[in-house]
Amino acid sequence: MRRPIIAGNWKMNMTVSEAVALVRQLKALVASVRDIDIIVAPTFTVLQAVSRELEGSNIEMAAQDVFWESSGPYTGEISPIMLKDVGCRYVIIGHSERRQYFGEANESVQKKIRASLAMKLYPIVCVGEALEEREAGKTSDVVKIQVIQCLEGFSRQEMEKITIAYEPIWAIGTGKTATPQQAEEVHAFIREQLGHITHRQVSQGVRIQYGGSVNPDNISDLMLQPNIDGALVGGASLKADSFSSIVKFKKA
Ligand code: PGA
């Protein structure tokens, strides 16, 4: 019922020529995939080149962040209309690296989601706890606050366009994946929380990706979990062979 959605977050990597080379390989490797939404999220400077390469393919493009105003004196920022103009369909919002290094807060995440939806960009909204929070038994509290503060107040139609990425911070780039059970527990909890802020039926349709050291070896077990609907992949999305293997995961 929920179509799998697998996205590669390239983070601050790739020049134009590297990005074009990666996308050319990837296109060929995933050309036969029909039943999965495949997304790449390059840096702003290579969006245009990647967009051209992706024309006519089964891969969509996301940006890694966005600002909530549409134009004006906001030096260094990029607006939803600019992302749309260059061919983005999705945008990652509230990634933990933005929260950690650039002061992103739930309030700004909410504004960015609203502005993106107004431009018909599909937000991928990231939530997740730090290691100290997990060890202190606070995972549910932290994730609940993030879900409510980022996502409360959207209409049914808006919620249907939002994807959530659960990314435990301790699992990002560390090689320490959450076990499928640990991830499923939080995914089910997120869906339950969504049921409180939107119609229960809508909450059943929202796709929740897992992110944090996803690789070709652990994707199948993660995707077997009933509430895991896809993956947000960092490191393993920088090589066409590993990302395409993740996209072509097999349910055991
Ligand atoms: P990782 O990153 O796959 O390298 O752990 C995931 C992410 O931050 O989206």
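How far is the sulfur of C126 from the closest cysteine sulfur, and which residue holds that one? The legend to View 1 has the answer, and the views that follow take up other spots in this predicted model.

**View 1. Two cysteines, C126 and C150, that do not pair up.** The closest cysteine sulfur to that of C126 belongs to C150, and at 9.6 Å it is too far away for a bond. A disulfide would need the two sulfur atoms within 2.5 Å. Seen from the other side, C150 is in no disulfide either, and its nearest cysteine sulfur is that of C126. Searching the whole structure turns up zero disulfides. Both cysteines sit out of reach of the probe: C126 is buried at 1% relative accessible area, and C150 is buried at 0%.

**View 2. Helix 1 against helix 12.** Here residues 16-30 (helix 1) pack on residues 240-247 (helix 12), with an angle of about 35 degrees and axes 9 Å apart. The crossing is right-handed. Helix 1 brings L22, Q25, L26, L29 and V30 to the contact, while helix 12 supplies A240, D241, F243, S244 and V247. Sorted by character, the contact residues come out as seven nonpolar, two polar and one charged. A general point helps when reading the view: an α-helix has 3.6 residues a turn, so residues three or four places apart point the same way.

**View 3. W10 and its neighbours.** W10 sits in the loop between strand 1 and helix 1, and at 1% relative accessible area W10 is buried. What does W10 touch, leaving aside residues up to four places away in sequence? The list is A19, L22, V23, V40, A41, P42, V50, Q64, S237 and L238. One of these, L22, also takes part in the contact of helix 1 with helix 12. Look for T43 in this view too: it is 33 residues from W10 along the chain, yet the C-alpha atoms of the two are separated by 7.1 Å.

**View 4. Helix 2, tucked in.** Helix 2 spans residues 47-54, and six of its eight residues are buried, so the helix is largely enclosed by the rest of the structure. Which ones are buried? They are L47, A49, V50, S51, E53 and L54. V50 is also among the residues that W10 touches. The cover over the buried residues includes helix 1, strand 2, strand 3 and helix 3. Just after helix 2 comes G56, with a positive phi of about 80 degrees.

**View 5. Salt bridges: D37 with R3, and R89 with E60.** The D37 and R3 side chains meet at 2.7 Å, N to O. D37 belongs to strand 2 (residues 37-41) and R3 to the segment before strand 1 (5-9), so this pair links distant parts of the chain, 34 residues apart. D37 is buried, at 17% relative accessible area, whereas R3 is partly exposed at 37%. In the other pair, the side chains of R89 and E60 meet at 3.8 Å, N to O. R89 lies in the loop between helix 3 (80-85) and strand 4 (90-93), and E60 is in strand 3 (residues 59-63), so the bridge ties together parts that are 29 residues apart in sequence. R89 is partly exposed, with 34% relative accessible area, and E60 is partly exposed as well, with 30%.

**View 6. E129 with R134, and a salt-bridge network.** The closest N and O atoms of E129 and R134 are 2.7 Å apart in their salt bridge. Is each partner buried or partly exposed? E129 is buried, at 0% relative accessible area, and R134 is partly exposed, at 22%. Elsewhere, salt bridges with shared partners join D65, R98, E104 and K112 into one network. A search of the whole structure finds 12 salt bridges.

**View 7. Two lysines with positive phi, K11 and K120.** Most residues other than glycine have a negative phi, which makes for a pair of spots to check. K11 has phi near 55 degrees and is found in the loop between strand 1 and helix 1, which is also where W10 sits. For K120, phi is near 60 degrees. K120 is in the loop between helix 5 (106-118) and strand 5 (122-127), and at 61% relative accessibility K120 is exposed.

Terms used: Residues numbered from 1 in each chain as written. Predicted model: local features only at pLDDT ≥ 70, side-chain atom pairs only at ≥ 80, totals over all residues. Heavy atoms only, no water. Axes fitted to C-alpha atoms, helices over the stretch in contact; angles between N-to-C directions. Helix = DSSP H or I, 4+ residues; strand = E, 2+ residues; numbered from the N terminus. Left-handed = near helix turned anticlockwise from the far one by under 90°. Contact = heavy atoms within 4.5 Å. Nonpolar A, V, L, I, M, F, W, Y, C, P; charged D, E, K, R; others polar. Salt bridge = Lys/Arg side-chain N within 4 Å of Asp/Glu carboxyl O. Buried < 20%, exposed > 50% of the residue type's maximum accessible area, 1.4 Å probe, protein only.
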